[in-house]
Amino acid sequence: MTRNLLLSAAEQVFARVGYEKAQVEEIAEAAGFSKGALYAHFKSKEELFLALYETKTAISLAKLRHALDSAPTRDGKIDAFRSFYVSLSKEKDWALIILEAKLFIRRHPEVRERLRQIDEHAGDSIEGAFTQLFGNSARAAGEALGGIFSALVLEADLEPNVLSERKMKGMLGTIFDALLGLRDQAGGH
């Protein structure tokens with residue numbers, strides 16, 4: 001329970017101020033614990049960030065897998081995938097954490113391999129779902145969808161009067177369909 005509270009507080013702090021400016025004391029305090037309690041669960045701020053990224057990735061993938069497994073037909077699975085992707089627009093902090101992870105890799109190349117392993121594990125699951133639905137050539141589309149989601153959520157956060165949640169969801173659905181060659185099939189999406 002303590003670990004989960006620390007991860008939740010870390011998500012809020014990292015999303016708000018970024019990895020570089022986040023302070024371990026602030027994260028511990030936001031979770032209602034001492035700095036010592038945080039260090040009892042995580043060796044460093046870096047370990048906490050990587051654990052957060054891994055945990056959030058696993059949760060997202062579990063939701064996607066459940067949505068796909070619940071759909072009985074290929075078209076139903078495609079609709080479930082699109083709905084999952086569009087619903088990510090509600091995950092503002094997660095979008096910011098993804099962007100922060102990309103910046104983290106760029107600024108700290110020595111941890112690139114660890115984040116790559118997390119992404120590879122996640123990528124295998126996403127790639128498997130994409131391959132099952134769209135064939136082997138869909139991995140690039142999946143990579144693009146992840147980046148577009150994060151950037152669009154950030155833009156909506158910066159310009160909420162220009163990019164409303166409704167517009168953003170519509171754009172994400174259109175982008176999903178376009179990148180995966182579903183424009184003609186999407187109909188009402």
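Here are four short exercises on the salt bridges and one buried glutamate of this predicted model.

**Exercise 1: two helices, one pair**

Work out which residue pairs with lysine 35 in a salt bridge, and where the two partners sit.

*Solution.* Start with the distance. A salt bridge here needs a Lys or Arg side-chain nitrogen within 4 Å of an Asp or Glu carboxyl oxygen. Lysine 35 passes that test with glutamate 25, since their closest N and O atoms are 3.2 Å apart. Next, place them: lysine 35 belongs to helix α3 (residues 35-41), while glutamate 25 belongs to helix α2 (residues 24-31), so the pair links parts of the chain 10 residues apart. Finally, check the surroundings. Lysine 35 is partly exposed at 37% relative accessible area, and glutamate 25 is partly exposed too, at 40%.

**Exercise 2: from a loop to a helix**

What does the salt bridge between glutamate 91 and lysine 63 tie together?

*Solution.* First the geometry: the closest N and O atoms of glutamate 91 and lysine 63 are 3.9 Å apart. Now the location. Glutamate 91 is in the loop between α5 (74-87) and α6 (92-107), and lysine 63 is in helix α4 (residues 45-70), so the bridge ties together parts that lie 28 residues apart in sequence. As for exposure, glutamate 91 has a relative accessible area of 25% and is partly exposed; lysine 63, at 46%, is partly exposed as well.

**Exercise 3: a pair within one helix**

Decide for aspartate 79 and arginine 82 in turn: buried or partly exposed?

*Solution.* Begin with the link itself. Their side chains meet in a salt bridge, 2.8 Å from N to O. Both residues lie in helix α5, three residues apart, or about one turn of the helix. Then apply the cut-off: buried means under 20% relative accessible area. Arginine 82 has 6%, so arginine 82 is buried. Aspartate 79 comes out at 31%, which makes aspartate 79 partly exposed.

To round off the bridges, the count comes to 11 salt bridges. Shared partners join Glu11, Lys56, Lys63 and Glu91 into one network.

**Exercise 4: a buried glutamate**

Find out what surrounds glutamate 100.

*Solution.* Glutamate 100 is part of helix α6. Its relative accessible area is 11%, so glutamate 100 is buried. Set aside the neighbours within four places in sequence, and the contacts of glutamate 100 are Gly18, Tyr19, Glu20, Phe49 and Arg107. One more check: alanine 15 is 85 residues from glutamate 100 in sequence, yet their C-alpha atoms are 7.7 Å apart in space.

Methods
Residues are numbered from 1 along each chain as its sequence is written. This is a predicted model: local features need pLDDT of at least 70, side-chain atom pairs count only at pLDDT 80 or more; totals for chains, interfaces and linings use all residues. Side-chain values use heavy atoms; hydrogens and water are left out. Helices (H or I, at least four residues) and strands (E, at least two) are DSSP runs, numbered from the N terminus. Buried means under 20% relative accessible area, exposed over 50%, partly exposed in between (1.4 Å probe, protein chains only). Contact means heavy atoms within 4.5 Å.
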